[in-house]
Amino acid sequence: MAAPWEDVLRDTPAMREAAALAVDAALLQGVLMRTEGEPNASDVVNFAPFTLLPSPVPRALFEQAYAVQQDFNLLVDAISQNKEFLERTLASTIKVDDFTARLFRIHTQVLEEGLAQAVFLGINRSDYMFDCGPGGAAALRQIEINTIAASFGGLTSHTLPVHQRVLKVLGKSKEASQLLPNNPSEGLALGIAKAWELYGSPSAVVMFLVEEVQRNIFDQRCVENELWNRNIRVIRRRFRDVFAKGSLGEGRRLYMDGQEVAVVYYREGYVPKNYDQQNWEARLLLERSRAVKCPDIATQLAGTKKVQQELSRPGTLESLLPGRPEAVARIRATFAGLYSLDMGAEGDKIAAAAIADPDRFVLKPQREGGGNNLYGEELRQVLEKIRDSPERTSYILMDKIKPQPALNYLLRAHSPLRLSECISELGIFGVYVRQGKEMVMNTAPGHLLRTKAVEHADGGVAAGVAVLDTPYLV
Ligand code: ADP
Ligand code: MG
């Protein structure tokens, strides 16, 4: 998968010049992040990390990933409505994983009370790597689907003109013109706007539920701007604001500081550290409300690693998407090997196989946000320790994907310029809106390419490992 700029990659003076220009272009285009030192102020900002050059992506796999996204939207939505499936699938996990158990408790509580919410909005991102098979042909393999707080749909569109500029400076104008247009945040906003409209209170606002530490605010501002451009009011609040000032009115309408909230868009709430007792109470209040939650708690649970693993069992997709054999086939074609560690012979067997050959697998807990998975020797040690204990059921095992590395420069503030062997992960954004039983929107509005040095097994952009990139189709 050689890119047509291999010839200049080792020309150090040219690369230094291009990197300096790229950083300025990124700042001008708004590829921004707040700093680690001042994560909640915009007085000092820096560029979000990105690759100097686009990375090659096989065109057929890129197209395959787009072609399956609407199927994944339907699947996630179907799982979220299937109480029995979620209950059965997560039964073993919630016995040992407190975080999933608490989410599940809210899910149960809300269903027992009866849903006040009638409009549903899903924004997800399905992530893939390109597995290099023995014959040399790469295959699209899903890493996971993020059903809550899927990020970088904003900053990725601002990275594109930076890469176009770099290619032009290097004398690759033709290649620059071939980079695909990409603006996921517009599509995300269209989904939010549709949900807001169907909610049916023109004076109600959209509430972004944001973290205490907000380094990635500029990415969120891109979506906010799209909403303001459509004359939809946006407010930003934290769980603790909801705890202090949120309330339910007639028909379980949600009010914040006296304003009615039509849509709650979570960019928070996906890891245990987001919650203390008050935040759990705030989450419950939001879930009980009539407001459109993006995602509602059932959709968040549909994105757990345990659900992903159960989907790979023969017959599961068919039962979730009855009468849609083509969608099932498209979805299944992207699956890597996934294995349950539930107690019993099947789990014993795969645990033994992973201990014997840890480099074939990744051990994943029910966590999001990067940096939680176990690989190699560490995988072996942990699995050996828990192999006979029910604790193992809080994890799943997955085949390790082995992509073909490509050379690139990862640009990061305060880091020296260095040529690195890199691998990329492609994410496709999905957006859907359902009113009662009727799907009124189902789209795949854009993509995200993230690239990291091969020496890092794990970690996303927010975790400081991967950087923003742009696909160059080959
Ligand atoms: P998270 O929810 O923390 O983002 P992921 O499943 O996306 O969890 O894993 C985090 C990172 O670990 C991915 O971005 C990827 O770099 C790496 N990774 C995950 N699964 C695999 C796999 N099966 N093979 C190779 N790398 C993987
Ligand atoms: Mg991930």
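Which residue in E19 is the bridge partner of Thr451? Keep that question in mind while you get your bearings; this tour will come back to it. The model on your screen is a predicted one, and each stop below tells you what to select and what to look for there.

**Stop 1: the ligand**

Select ligand 1 and display the residues around it. You should find 22 of them, and the closest are Glu144, Lys364, Gly370, Glu425 and Lys452. Try colouring this shell by residue character: 7 of its residues are nonpolar, 5 are polar and 10 are charged.

Now look at individual atoms. Start with Gly370, where a backbone N or O atom lies 2.6 Å from an oxygen atom of the ligand. Move on to Gly369, which has a polar backbone atom 3.3 Å from an oxygen atom of ligand 1. Then pick Asn373; here a polar atom of the side chain is 2.9 Å from a ligand oxygen. How much of the ligand's surface does the protein bury? Taken alone, ligand 1 exposes 540 Å², and the protein buries 95% of that.

Switch to a cartoon view to see which elements give two or more residues to the shell: strand E6 (138-146), strand E14 (361-365) and strand E15 (395-399).

**Stop 2: the loop after E14**

Stay with Asn373 for a moment. Its place is the loop between E14 and helix H17 (376-386). Is Asn373 buried or exposed? With a relative accessibility of 17%, Asn373 counts as buried. For a sense of distance, measure from its C-alpha atom to that of Gln404: the two residues are 31 apart along the chain, and the atoms are separated by 21 Å.

Next, select Gln366, which also lies in the loop between E14 and H17. Gln366 counts as buried too, at 5% relative accessibility. Show its side chain and look for two backbone neighbours. The backbone nitrogen of Lys306 is 3.0 Å from a polar atom of that side chain, and the backbone oxygen of Ser394 is 3.3 Å from a polar atom of the Gln366 side chain.

**Stop 3: strand E11 and its partners**

Select residues 259-266, which form strand E11. Why is this strand described as largely enclosed by the rest of the structure? Because 7 of its 8 residues are buried.

Add the partners one at a time:

- Strand E7 (residues 205-209) runs parallel to E11, joined to it by 5 bridges. Find Met207 in this pairing; Val264 is its bridge partner in E11.
- Strand E10 (residues 254-256) runs antiparallel to E11, with 3 bridges between them. Here Leu254 stands opposite Val261. The hairpin of E10 and E11 has 2 residues between the strands, and Asp257 takes a positive phi near 50 degrees.
- Strand E12 (residues 292-294) pairs with E11 in the parallel sense over 3 bridges. In this pairing, Val264 stands opposite Lys293.

Now add helix H11 (residues 277-288) and trace the path from E11 over the helix to E12: together they make a right-handed β-α-β unit.

In the loop between E11 and H11, select Arg267. This arginine is buried, with a relative accessible area of 4%. What does the side chain of Arg267 contact? Follow it to the side chain of Asp219, with which it makes a polar contact at 2.7 Å.

**Stop 4: the E17–E18 hairpin**

Select residues 419-435 for strand E17 and residues 438-453 for strand E18; they pair in the antiparallel sense over 13 bridges. Along the pairing, find Phe429, which stands opposite Gly446 in E18. Then go to the turn. This hairpin has 2 residues between its strands, and Gly436 in the turn has a positive phi of about 60 degrees.

Finally, add strand E19 (residues 467-469), which is joined to E18 by 3 bridges and runs antiparallel to it. This brings you back to the opening question: the bridge partner of Thr451 in E19 is Val467.

**Stop 5: helix H7**

For a last selection, pick Ser173 in helix H7 (residues 173-178). Ser173 is partly exposed, with a relative accessible area of 43%. Its C-alpha atom is separated by 20 Å from that of Arg59, a residue 114 positions away along the chain.

Methods. Residues are numbered from 1 along each chain as its sequence is written. Chains are lettered from A and ligands numbered from 1 in the order in which they are written. This is a predicted model: local features need pLDDT of at least 70, side-chain atom pairs count only at pLDDT 80 or more; totals for chains, interfaces and linings use all residues. Side-chain values use heavy atoms; hydrogens and water are left out. A residue is near a molecule or strand if one of its heavy atoms lies within 4 Å of it. A polar contact is a pair of N or O atoms within 3.5 Å; within protein, one must be able to donate a hydrogen and the other to accept it, and residues adjacent in sequence count only if both atoms are side-chain atoms. Accessible areas come from the Shrake-Rupley method with a 1.4 Å probe; for residues, only the protein chains shown count as cover. Helices (H or I, at least four residues) and strands (E, at least two) are DSSP runs, numbered from the N terminus. Ala, Val, Leu, Ile, Met, Phe, Trp, Tyr, Cys and Pro count as nonpolar, Asp, Glu, Lys and Arg as charged, and the others, Gly among them, as polar. Buried means under 20% relative accessible area, exposed over 50%, partly exposed in between (1.4 Å probe, protein chains only). Two strands pair if DSSP finds at least two bridges between them. A crossover is right-handed if, with the strands pointing away from the viewer, the path from the first strand over the helix to the second runs clockwise.
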